[in-house]
Amino acid sequence: EDLFSDFINSNTQKNENSEKEVKPKILEEKPLELVLEEEKKKEKEKVEIKQKSPLLTVSSYINPTKMLDSKSILADEFNDHTIKNNLTVAYGAKVSVRINDKINVRSGIAKVELEQNTTNVNSGINMGVYALSASNPKTANNITYHSNIRVIPDQSNQNAVMTMLSSDTNNMEQKVHYIEIPLEVEYKLASFDKFNLLATAGGSYYVVTKNTISLADVNTRSQYKLGEASNLNDMSYSANAGVKLEYNLSNKSSINLEPNYRYMLNPLKNVDAKNPSLLGLNLGFSIKF
């Protein structure tokens, strides 16, 4: 009997041990519904992480800019001369607010400079540079003069005593500076591991801060101040569009490259080139919060 009982006890222990080995294996096998629920939880966590992405971006930038129009922004009479638009550098800062995963709204402030040269003024048709010793209208060719030097048709004031400047070649330089306040939308077109591609569109508000016209003597390199343009509107607007390439240095910072085009809306009067357009290349650095 003792042998029989020992045999039964050993068998029951083996069965219990085998059940213990089988049970964990059974517990490890998860039902399909449970697996799907866990996947859903992971997806929700990913969405929550995206929602916690930076809401605010502050950017500083420089923007080499050139005016595209080949006509004079001062007066139509100068279109007989060669017009050159200088490359200038705008600079400023913008703040961008994230609306959702695709759309950001941004605004800021910038300084924009426009420079246009009218070359070989003395060689124009019936147009010369003169120093007047007698009275002459203060405003002509959309210029409000601040000196006794005038750019006028040589037969326009026959009663005045006019002395032509010593140089046969003078270049007229016009400088216009603006404070720009943009309001634009960024739309994410594509997103990669380190890069984001966005389209930008919107508008800007401009206020004139500097308005000067001067003569540069090519031979002597002397500068003569003429005055200022009288055909500038103090305030104007532009329609803006561009493409932005954003390279993420980290989750908190990025560098940006943004070709942009701005069509100015009626910044000038009394001239054919009432709506000059600007082409720029925005180079910026951004910090995200």
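**Reading a predicted structure, from its largest cavity outwards**

Modeller: The largest cavity is lined by 18 residues, and Asn63, Lys94, Glu184, Asn260 and Arg262 lie nearest its centre. A cavity here is a set of points on a 1 Å grid over the protein atoms alone, where a 1.4 Å probe fits but cannot get out; lining residues have an atom within 4 Å of a point. This is a predicted model, in which local features need pLDDT of at least 70 and side-chain atom pairs count only at pLDDT 80 or more, while totals for chains, interfaces and linings use all residues. Residues are numbered from 1 along each chain as its sequence is written, and side-chain values use heavy atoms, with hydrogens and water left out.

Biologist: How many cavities of 30 Å³ or more are counted, and what volume does the largest one have?

Modeller: A volume is the space filled by probe spheres set on the points, which are joined across faces, edges and corners. There are three cavities of 30 Å³ or more, and the largest has a volume of about 150 Å³. Two or more of its lining residues come from each of β1, β3 (88–98), β10, β11, β13 and β14 (253–265). The most is given by β14, with four residues.

Biologist: How many helices and strands does the chain contain?

Modeller: Both are DSSP runs numbered from the N terminus: helices (H or I) have at least four residues, and strands (E) at least two. The protein chain has two helices and 15 strands.

Biologist: Which strands pair with β10?

Modeller: Two strands pair if DSSP finds at least two bridges between them. Strand β10 (170–191) runs antiparallel to β4, to which 14 bridges join it; Ser107 has Leu183 of β10 as its bridge partner. With β11, β10 pairs in the antiparallel sense over 21 bridges, and Asn171 is partnered by Ala216 of β11. Strands β10 and β11 also form a hairpin, with three residues between them.

Biologist: Which strands pair with β12?

Modeller: Strand β11 is joined to β12 by four bridges, and the two run antiparallel; Ile213 stands opposite Gly227 in β12. Their hairpin has five residues between the strands, and in it Arg221 takes a positive phi near 60°. Strand β7 pairs with β12 in the antiparallel sense over three bridges, and there Thr144 stands opposite Glu228.

Biologist: How should one read a nonpolar core, and which residues of the largest one touch the most other members?

Modeller: In soluble globular proteins, nonpolar side chains tend to be buried together. A nonpolar core is a set of buried Ala, Val, Leu, Ile, Met, Phe, Trp, Tyr and Cys residues joined through side-chain atoms within 4.5 Å. Buried means under 20% relative accessible area, exposed over 50%, and partly exposed in between, with a 1.4 Å probe and protein chains only. The largest core holds 26 residues, of which Leu74, Met172, Tyr178 and Leu226 touch the most other members. At least two residues of this core come from each of β4 (103–119), β7 (143–145), β8 (149–152), β10, β11 (195–217) and β12 (223–229).

Biologist: Which residues does Met172 touch?

Modeller: Contact means heavy atoms within 4.5 Å. Leaving out residues up to four places away in sequence, Met172 touches twelve named partners, including Leu74, Phe78, Ile143, Val151, Ile213 and Leu226.

Biologist: What share of the contacts with a separation of 6 or more joins residues 24 or more positions apart?

Modeller: The share is 71% in the protein chain. Pro64, in strand β1 (residues 56–67), offers a case: its C-alpha atom is separated by 5.5 Å from that of Gly280, 216 residues away along the chain. Beyond four places in sequence, Pro64 touches Leu87, Thr88, Val89, Leu279, Gly280 and Leu281.

Biologist: Are Asn233 and Asn266 buried or partly exposed?

Modeller: Asn233 counts as buried because its relative accessibility is 18%. Asn233 lies in the loop between β12 and β13 (235–248), and its contacts beyond four places in sequence are Val208, Asn266, Pro267, Leu268 and Lys269. Asn266, in the loop between β14 and β15 (277–288), counts as partly exposed because its relative accessibility is 43%. The phi of Asn266 is near 55°, a positive value in a residue other than glycine.

Terms used. On a 1 Å grid over the protein atoms alone, a cavity is a set of points where a 1.4 Å probe fits but cannot get out, and a pocket is an open set with protein on both sides within 12 Å along at least five of seven lines; lining residues have an atom within 4 Å of a point.
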